[in-house]
Amino acid sequence: MSDTKKATTSTAAGAKFDGFTDEERAAMKDHAQELKKAARRSPGKARADGESDVLSKIAEMEESDRAIAERVHEIVRAAAPDLVPRLWYGQPAYSKDGKVLCFFQAKAKFKTRYATLGFSDVAALDDGALWPTSFALPELTAEGEARIADLVKRAAS
């Protein structure tokens, strides 16, 4: 009897599971390129180059994602100017002490219903035994912008 396990070839709906989606594979390739680029970059240029990379990525987005991403970028930069902009899996992100603290994910990237703003475990958002780490951004309102600014300030503290 063999000790190897067989891979699952179908889901409950009967569709074949081929592993990662095309979008997930593309994100992993983006991340690999980002790591290579960061390794070649001098530490003193990380902030300026990261800012340039993030703005270039935002400029490539579809209009609906671009409008939200531009505003989120402005809010994050104003709320926590010490965070370093960078790309993370091909999307705008902001790091503290070299670790991603928060990130924007365009809805077109993974073909989802809305863009999201996510926070990693580095973010100081702990609130009891349960707290959200990802927020839907179907649109940005003044109230939403204020909430993002507050979340980013708290996360970076």
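**Entry 1: a pair inside one helix**

Where do R66 and E63 lie, and how many residues apart are they? I looked this up first. Both R66 and E63 are in helix α3, three residues apart, which is about one turn of the helix. Their side chains meet in a salt bridge, with 2.6 Å from N to O. I noted that this is a predicted model, so I read every value here as computed from that prediction. R66 has a relative accessible area of 22%, so I wrote it down as partly exposed.

A reminder to myself: side chains of opposite charge can pair when their charged atoms come close.

**Entry 2: the overall layout**

Next I stepped back to see the whole chain. I found four helices and five strands in its secondary structure. Reading from the N terminus, I get the order α-α-α-β-β-β-β-β-α. The chain has 157 residues, and 33% of them count as buried.

**Entry 3: how α3 meets α4**

I then went back to helix α3, which covers residues 63–79, and looked at its packing with helix α4, residues 142–156. Two packed helices are described by the angle between their axes and the distance between the axes. Here I noted an angle of about 45 degrees and axes 9 Å apart. That angle makes α3 oblique to α4. The crossing of α3 past α4 is right-handed.

**Entry 4: salt bridges that link helices**

How many salt bridges does a search of the whole structure find? I wrote down seven. I followed a few of them by hand.

The side chains of E51 and R77 meet in one of these, at 3.1 Å from N to O. E51 is in helix α2 (residues 46–60) and R77 is in helix α3, so the pair ties together parts that are 26 residues apart in sequence. E51 is partly exposed because its relative accessible area is 22%.

R71 also caught my eye, since it forms a salt bridge with E145, with the closest N and O atoms 3.1 Å apart. R71 sits in helix α3 and E145 in helix α4, so this pair ties together parts that are 74 residues apart in sequence. Salt bridges that share partners also bring in E74, joining R71, E74 and E145 into one network. R71 has a relative accessibility of 30%, so I listed it as partly exposed.

**Entry 5: Y89, seen from two sides**

Where is Y89 found? I located Y89 in the loop between β1 (84–88) and β2 (91–96). I checked its backbone and found a positive phi of about 55 degrees, although Y89 is not a glycine. That is worth a note, because most residues other than glycine have a negative phi.

Then I looked at the surface. Y89 joins F20 and M28 in a nonpolar patch, with about 280 Å² of accessible area together. Why does Y89 count as partly exposed? Its relative accessibility is 31%, and partly exposed runs between the buried limit of under 20% and the exposed limit of over 50%, so Y89 falls in the middle class.

**Entry 6: D97, another positive phi**

D97 has a positive phi of about 55 degrees and is not a glycine either. I found D97 in the loop between β2 and β3 (99–105). Is D97 buried or exposed? It is exposed, because its relative accessible area is 75%.

**Entry 7: two pairs distant in sequence**

To finish, I looked up two C-alpha distances. E139 and A67 are 72 residues apart along the chain, and their C-alpha atoms are separated by 9.1 Å. I placed E139 in the loop between β5 (134–137) and α4. E139 has a relative accessibility of 57%, so I marked it as exposed.

The other pair is Q105 and A136, which are 31 residues apart in sequence and 9.7 Å apart in space, C-alpha to C-alpha. Q105 belongs to strand β3. Its relative accessibility is 25%, so Q105 goes into my notes as partly exposed.

Technical notes
Residues numbered from 1 in each chain as written. Predicted model: local features only at pLDDT ≥ 70, side-chain atom pairs only at ≥ 80, totals over all residues. Heavy atoms only, no water. Patch = residues over 30% accessible without salt bridge, like charges linked within 9 Å, V, L, I, M, F, W, Y side chains within 5 Å. Areas by Shrake-Rupley, 256 points an atom, 1.4 Å probe, with all protein chains shown as cover. Salt bridge = Lys/Arg side-chain N within 4 Å of Asp/Glu carboxyl O. Buried < 20%, exposed > 50% of the residue type's maximum accessible area, 1.4 Å probe, protein only. Axes fitted to C-alpha atoms, helices over the stretch in contact; angles between N-to-C directions. Parallel < 35°, antiparallel > 145°, perpendicular 65-115°, else oblique. Left-handed = near helix turned anticlockwise from the far one by under 90°.
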